[in-house]
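Here's a quick briefing to keep beside the model while you look around. It starts with a salt bridge and works outward from there.

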Amino acid sequence: MIDKTVAGVPDAVVGIRDGSTIMIGGFGRAGQPVELIDALIEQGATDLTIVSNNAGNGDRGLAALLAAGRVRRMVCSFPRQHDSWVFDGLYRAGRIELEIVPQGNLAERIRAAGAGIGAFFSPTGVGTELAAGKEERVIDGRRYVLEYPIRADVALISAYRGDRWGNLVYRETARNFGPVMASAAVTTVVQVDEVVELGSLDPECVVTPGIFVDRVVAVTPRRWVRDGAFVGGVDIDGEPLAVTS
Amino acid sequence: MTGLGRAELAQRIARDIPEGSYVNLGIGAPTLVANHLPAGLEIILHTENGLLGMGPAPEPGLVDPDLINAGKQPVTALPGAAYFHHADSFGMMRGGHLDVCVLGAFQVSSSGDLANWSTGAPGAIPAVGGAMDLASGAKNVWVMTDLLTRDGASKLVAECSYPLTGVGCVSRVYTDRAIFDVTPDGFRVRELFGDTTLGELERLTALDLT
C-alpha cells in the first residue's frame, strides 16, 4: 500500500540537509506553505538556496526563514514588496545573495527541470541586463536567449486537498507555482487542508498527479473555507476581521 | 485644459479594447482601465498569477486570500473564469495568446524599446516580476503613462537610458497629452488631447514626430 501521508509537519521536513536548494511555492502569501516553512526553521537546515517568486512577506513563513539566517541565496522574480522588510534588510547588509529571474522564465525553467528538458530558448529578457552573458539565437527572425532548468532537492508547496497517493487539487490563485515545483524537486512535500480518501478526488480534476509528490501532511485548514465553501470573514492575510459591535 | 486626467485616459484606453480580447493590465495605473471596460462587452482579464476572467475587488468581508491579482490585491473570479498554474500562465503571454497588455513605463524609445522595471539607481533592490514576459509576449503592448516625469523630462525618448524591459516591444503609447503609435519611422501621433499641438509635443519630447 502506498501512503505518502505523514503524521505531522516535523515528519514532513525530516532529512533536509544544510546547503540544499529548496523551492517554496506561493505568490506573495497566496499558496505559501507557512506551516512547512515553520517546521523547516525548527528542523534547522541552513545555508539554503531558496527558489520562490517573492522573498518573504511580513514576519511569517519565508520571511521568518530569512530572519533566522538560514538562507544564503535567493532566486526569485520580485523580492521587493511593501512588506519585504526582512529581505530588504539582509540584502542591504550584504548578508544574502540574489538572483533575479523574470517570472515566466522562472516558471518555465522549473517546468523544464520537471519535464526533463535540457535547456530552452526564451524570448523573455532578450536585450536586457538580465540576459547579459547568455547565449542568444535568432529563430524564425526572432531573438531568444538560452535558459537552463532550475531543479531542487526539496519543494515545499501548499495545496488544498490531497490523498495518500499524493494527488492534489489547489484553490484559486494559490495554485501558482505549486504544480511546476512539485515536478522539479527530488523530494516534494505538500501541506494540505485535508487528506481525503483515495478515490474521492475527481480524476478529471486532479491538478498534480501523485507521481510528483513524496510527502503529504494535513495542517490547520484555512479559516475562510468551511466544508469546501468560501465563508469569508478574513483580511487579505487570512486574519479574522475585527468584530465591530 | 491641456490633456486628459488619469481616469479619463484609462477610459480612453478601455474604449480601444475590442470585445473578445484577452487582456493583461499591469500593476499601477493600468489597473484603472478595468474600471472603464464597457459593461456590456465580454473582455477577459488575465492575471499572471493564474486566472482568466478576473473580476473587480470583492465586498469587504468577502476578501479571499487565495484569490488575488498580480499586485497581490484581492479580486473576484467572474462566471467562466479559469485557474491555471504559473507555467501555463506565462505560456499564454510568451506564446502570443494575449491580445493586449497595458503597462506603465519609465521610458519608451522611438523604436518601441520599453524601460519600466528598474531605474538602475545604486542600492535599489532589483525586482522584475512578470514585466519582461509581458513586454515580450502580448500581441499588442500598450503603454499608459504621463508624457513627462515630475521633473518635466519626456518619457518618450530616442533611446532609453534606464535598463530595458524589452526591445522593440511597444506598439502604442497612451499619454495624458496624446496617443502615439510606434512605427518604423518612430512615434506617430494618433490623437491629440485638449489643446495639445504637434509642435508642442515635438518641443516637449525633443523628437521628430509624424
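Let's begin with a pair of charged side chains in this predicted model: A:R72 and A:E97 meet in a salt bridge, at 3.5 Å from N to O. A:R72 sits in strand β3 of chain A and A:E97 in strand β4 (residues 97-100), so the bridge ties together parts that are 25 residues apart in sequence. A:R72 is partly exposed, with 36% relative accessible area, and A:E97 is partly exposed too, at 38%.

**Salt bridges within chain A**

- That pair has company: salt bridges with shared partners join A:D47, A:R72, A:R73, A:E97, A:E99, A:R109, A:K134 and A:E147 into one network.
- Over all chains, a search of the whole structure turns up 28 salt bridges.
- Another of these bridges brings the side chains of A:D83 and A:R29 together at 3.1 Å, N to O. The two come from distant parts of the chain, 54 residues apart: A:D83 is in the loop between β3 (71-76) and α4 (85-92) of chain A, while A:R29 is in the loop between β1 (21-24) and α2.
- Buried or exposed, what is A:D83? A:D83 counts as buried because its relative accessibility is 5%, under the 20% cut-off. Its partner A:R29 comes out as partly exposed, at 34%.
- A:E108 and A:R111 also pair up in a salt bridge, at 3.0 Å from N to O. Both lie in helix α5 (residues 103-115) of chain A, three residues apart, or about one turn of the helix. An α-helix has 3.6 residues a turn, so residues three or four places apart point the same way.
- Within that pair, A:E108 is buried at 13% relative accessibility, whereas A:R111 is partly exposed at 32%.

**Buried spots in chain A**

- A:T49 lies in strand β2 (residues 48-51) of chain A and counts as buried, with 6% relative accessibility.
- What does A:T49 touch, leaving aside its neighbours within four places in sequence? Its contacts are A:S20, A:T21, A:I22, A:R72, A:R73 and A:V75. Two of those names, A:R72 and A:R73, also turn up in the salt-bridge network.
- In helix α2 (residues 34-43) of chain A, the buried residues include A:V34, A:L36, A:I37, A:A39, A:L40 and A:I41.
- Following that helix is A:G44, with a positive phi near 105°.

**A nonpolar patch on the surface**

- A:I2, A:W165 and A:L198 make up a nonpolar surface patch, with about 270 Å² of accessible area together.
- A:I2 belongs to the segment before α1 (9-12) of chain A and is partly exposed, at 46% relative accessibility.

**Where chain B meets chain A**

- The contact takes 53 residues from chain A and 41 residues from chain B.
- Together the two chains bury about 3800 Å², 62% of it on carbon and sulfur atoms. Of the area that chain B buries against chain A, 20% comes from B:D66, B:R94 and B:I125, more than from any other three residues.
- How many salt bridges cross the interface of chain B and chain A? The rule finds three.
- A:R171 and B:D66 meet through their side chains in a salt bridge, at 2.6 Å from N to O.
- The interface also has 23 residue pairs in polar contact, both residues at pLDDT 80 or more. On the side of chain B that touches chain A, the elements giving two or more residues are α2 (86-94) and α3 (131-137) of chain B. α2(B) gives the most, with four residues.

Notes:
Residues are numbered from 1 along each chain as its sequence is written. Chains are lettered from A and ligands numbered from 1 in the order in which they are written. This is a predicted model: local features need pLDDT of at least 70, side-chain atom pairs count only at pLDDT 80 or more; totals for chains, interfaces and linings use all residues. Side-chain values use heavy atoms; hydrogens and water are left out. Patches are made of residues with over 30% relative accessible area and no salt bridge: like charges are joined within 9 Å, nonpolar side chains (Val, Leu, Ile, Met, Phe, Trp, Tyr) within 5 Å. Accessible areas come from the Shrake-Rupley method with a 1.4 Å probe; for residues, only the protein chains shown count as cover. A salt bridge is a side-chain nitrogen of Lys or Arg within 4 Å of a carboxyl oxygen of Asp or Glu. Buried means under 20% relative accessible area, exposed over 50%, partly exposed in between (1.4 Å probe, protein chains only). Contact means heavy atoms within 4.5 Å. Buried area is the accessible area (1.4 Å probe) that two parts lose on being put together, summed over both. A polar contact is a pair of N or O atoms within 3.5 Å; within protein, one must be able to donate a hydrogen and the other to accept it, and residues adjacent in sequence count only if both atoms are side-chain atoms.
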